[in-house]
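This report describes the fold of one protein chain, from overall counts down to single residues. The sequence and model come first.

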Amino acid sequence: MIKEKLTNYISTVSDDERLVLLDVIDKVEALGISESADADEFLNIAADEINADASTVSCIVPYAYLSHDKLKAAVADKVFGDEVSSIITGILKIPEFNIEKIKSQNENHIKLLVTLSGDVRAIIILLAEYLQKIRHIKDLNDPESVRVATLVQYLYSPIAHRIGLYKVKTEMEEVCLKFFEYDTYRSIADKLQIRKEERDQYIKEFIEPLKKKFEQLNLKVHIKGRPKSISSIRTKMRKQHVDVDGIYDLFAIRVIIDSKPEDEKSDCWKVYSVITEKYKPNPYRLRDWISVPKSSGYESLHTTLIGPEGRWVEVQIRTERMDEIAEKGLAAHWKYKNGTDGQSGGSIFSRIREAIENPDSGKSQSAEKKALYSDEIYVFTPSGDLIKLRQGDTVLDFAFSIHSEVGSKCTGAHVNNKFVSFKHVLNNGDTIKVLTANNQKPTEDWIKIAHSSRAKTKIRRIVDANNNRLAEIGRDIIRQKLQQANLQFNDANVIKLIKYFDCATAVELYQGFGDAKYDPHKIKSAFAESQDAQTPPVEEKKYREAETSSGTDYLTISDMDTMGYTFAKCCKPLPGDKIFAFITADKGTKIHRYDCPNAQSLLTRFPYRVVKAVWKAEASKELVNAQIRLFGTYDMSMYSVINNVIVNEFHVHMRSFNITEEPGGKFTATLSVNLMGDAQLNALKERFKRVKNIEKVM
């Protein structure tokens, strides 16, 4: 019977706790639960070894003796009341962690486990459960044993360490080392050449003469002594790159002084003097963190001495206050060893430890005080990676935490295999698969939906960048339309357009045209009713050269058929080339070849300015390949002069150019060029006739 097994424990708790515990035991036994050796061991570990309080044991009884998770949850909810049910349910919420992900993200998994379980008592129950499991693991060929050992090594052993369960932590580490690195474990154990009992006896012999001396000097101290564990020795060997013989503190003791605040430093040094009078210290191993505490606040005197039989012993000397800070405060051992500030997790682990060290205080602690609150949540990606978010974060926040590109295309998500919108608020332990669409774009409303400042900032940047792009495109459209109507692009005309299209600002006007909200063809209508709105023609030679020399329109530009264009000088497109139109900021629309040296930069940096362009059928008919022969007096600059006319003045494609120096200082040049019809050919010939030293053109 469960009650009989807990007779001794029940006698130690208060009357109120006894009544609650007996009620739970009676209910479990009433369910007809059969005897279970595993459950009995589980219960004994929690009650005797971890020092669980009565309210925790009340939860362990149904959790340990109900064999299946579904049964545990269903029966707990109906039979044992809200408090027991919520704790058991919190434990059952913990998912099957991906073992490989735990190894690389164990810190996040620890925080998830602690907050997901939701209560101090749940953590204590889990530690008891996995301490029991680790004692019964088999070998590396058993997958379940590997899973349990990995969970213990990366999750439960660190948790035991952080809440001060050093004995539990040490046992877990020892078993894991023996399981995963048996040869290493055996090698260290053999080199130590003494059994654990003998090591304990050595510590006792080391401490005994010191106790007598402290009593004689009326120093109120208590001494904690423990041999260094094999797992701890292995960690130091790795860190310091030494063998067992190079580890100075195979044995360690801690001397804690009951001292007044004003006497702390002097009392610590008095104790140091007593110890070093008895045992010879290593002067290179003195660490004084009393005179100058660590940045974490840690205060203590560390020294290493040669004890009996010539063995090294590490001694830590500190006061009760210092020990309290080192063990429970911001400078707790696990924090300064691991280099984390632990501000959010520290308070949680402090509460867990407090509950363990003061089990009797459970009668005055409400369930609310034992709950583990955190403003952080941890959620899974489909591949098992853990992402840290804040309470209240949505699917949209999660998507932007993955990547801005994912966030900007987010349409919703599958959360725990259920479809939700991107407004859905996430919970601890959720698994999220983001759904995206290429045509999705962030809007101003998204800023209100997002909860995290990081996501809001990213959305704002994307929205602003998109608005700026639209404004740039719209501004260029307006400028070109005004130029085509022989109107200036100036403030006065922009103001008329603002009024005509009923916009509040110029930016709104530009964005409207960029987003195709307004019809560009209606721009002329804004000026049709007022004759004085007309302005002098634009004298911009470069722009009037938008059309080709023959005056023929060779292209169709998507949605911009009526706009002018020029052929880019950098690539000089010809009919048949694969081309695109690019809207420039101040030089109208330029036509580029896709294999242009500048094309990749334009397409990548300014995709919103790129417009589809295709050659008209008649363009290829107009294209002619002409042969031109030039004769004249030779000059060293002649090659450069001819090339300048063709490339820089006429912007045509030169297929070949050969110049030959003749006797008597004369030359003959043969050119092969692609031209747009006879008009351009005749214009080019006339231009060559005006070049100095060219006497004949054929």
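A residue is called buried here when its relative accessible area is under 20%, exposed when that area is over 50%, and partly exposed in between. By this cut-off, 46% of the 698 residues of the protein are buried. The model is a predicted one. It contains 32 helices and 20 strands. Among contacts with a separation of 6 or more, 64% join residues that lie 24 or more positions apart.

**Strands around β6**

Strand β6 spans residues 312–319, and 7 of its 8 residues are buried. Strand β2 (residues 251–257) runs parallel to β6 and is joined to it by 7 bridges. Strand β5 (residues 301–306) is paired with β6 in the antiparallel sense, over 6 bridges. V315 of β6 is the bridge partner of I253, and T303 also stands opposite V315. The hairpin of β5 and β6 has 5 residues between its strands, and within this hairpin E309 takes a positive phi near 65°.

**The sheet of β9, β10 and β11**

An open sheet is formed by 3 strands in the order β10-β9-β11, with antiparallel pairing. β10 (418–420) and β11 (432–436) each have a single partner strand, so each stands at an edge with one side lacking a neighbour in the sheet. From one strand to the next the twist averages 30°. Strand β9 (residues 410–415) pairs with β10 over 3 bridges in the antiparallel sense, and H414 stands opposite F419 of β10. Helix α21 (residues 395–402) lies across β9, β10 and β11, and runs at about 105° to β9.

The strand pairings for which bridges are listed are set out below.

| Strand pair | Sense | Bridges |
|---|---|---|
| β2 and β6 | parallel | 7 bridges |
| β5 and β6 | antiparallel | 6 bridges |
| β9 and β10 | antiparallel | 3 bridges |

**Packing of α10 and α12**

Helix α10 (residues 120–134) packs against helix α12 (residues 166–180) at an angle of about 35°, and the axes are 10 Å apart. Their crossing is left-handed. On α10 the contact is made by L127, Y130, L131 and I134, and on α12 by V168, E171, M172, V175 and C176. Of the residues in this contact, 8 are nonpolar, none is polar and 1 is charged.

**Single residues**

Y565 is part of strand β13 (residues 565–567). Its relative accessible area is 5%, so Y565 counts as buried. The C-alpha atoms of Y565 and A581 are 8.3 Å apart, and the two residues are separated by 16 residues in sequence.

R460 is in helix α24 (residues 453–484). Is R460 buried or partly exposed? With a relative accessibility of 32%, R460 counts as partly exposed. Apart from neighbours within four places in sequence, R460 is in contact with E444 and I447. P442 is 18 residues from R460 along the chain, and their C-alpha atoms are separated by 8.7 Å.

Cysteines can be treated together. The structure holds 0 disulfides. C268 has a relative accessibility of 0% and therefore counts as buried. C503, with a relative accessible area of 11%, is buried as well. C176 is one of the α12 residues in the contact with α10.

Conventions: Residues numbered from 1 in each chain as written. Predicted model: local features only at pLDDT ≥ 70, side-chain atom pairs only at ≥ 80, totals over all residues. Heavy atoms only, no water. Disulfide = S-S within 2.5 Å. Buried < 20%, exposed > 50% of the residue type's maximum accessible area, 1.4 Å probe, protein only. Axes fitted to C-alpha atoms, helices over the stretch in contact; angles between N-to-C directions. Helix = DSSP H or I, 4+ residues; strand = E, 2+ residues; numbered from the N terminus. Left-handed = near helix turned anticlockwise from the far one by under 90°. Contact = heavy atoms within 4.5 Å. Nonpolar A, V, L, I, M, F, W, Y, C, P; charged D, E, K, R; others polar. Pairing = 2+ DSSP bridges.
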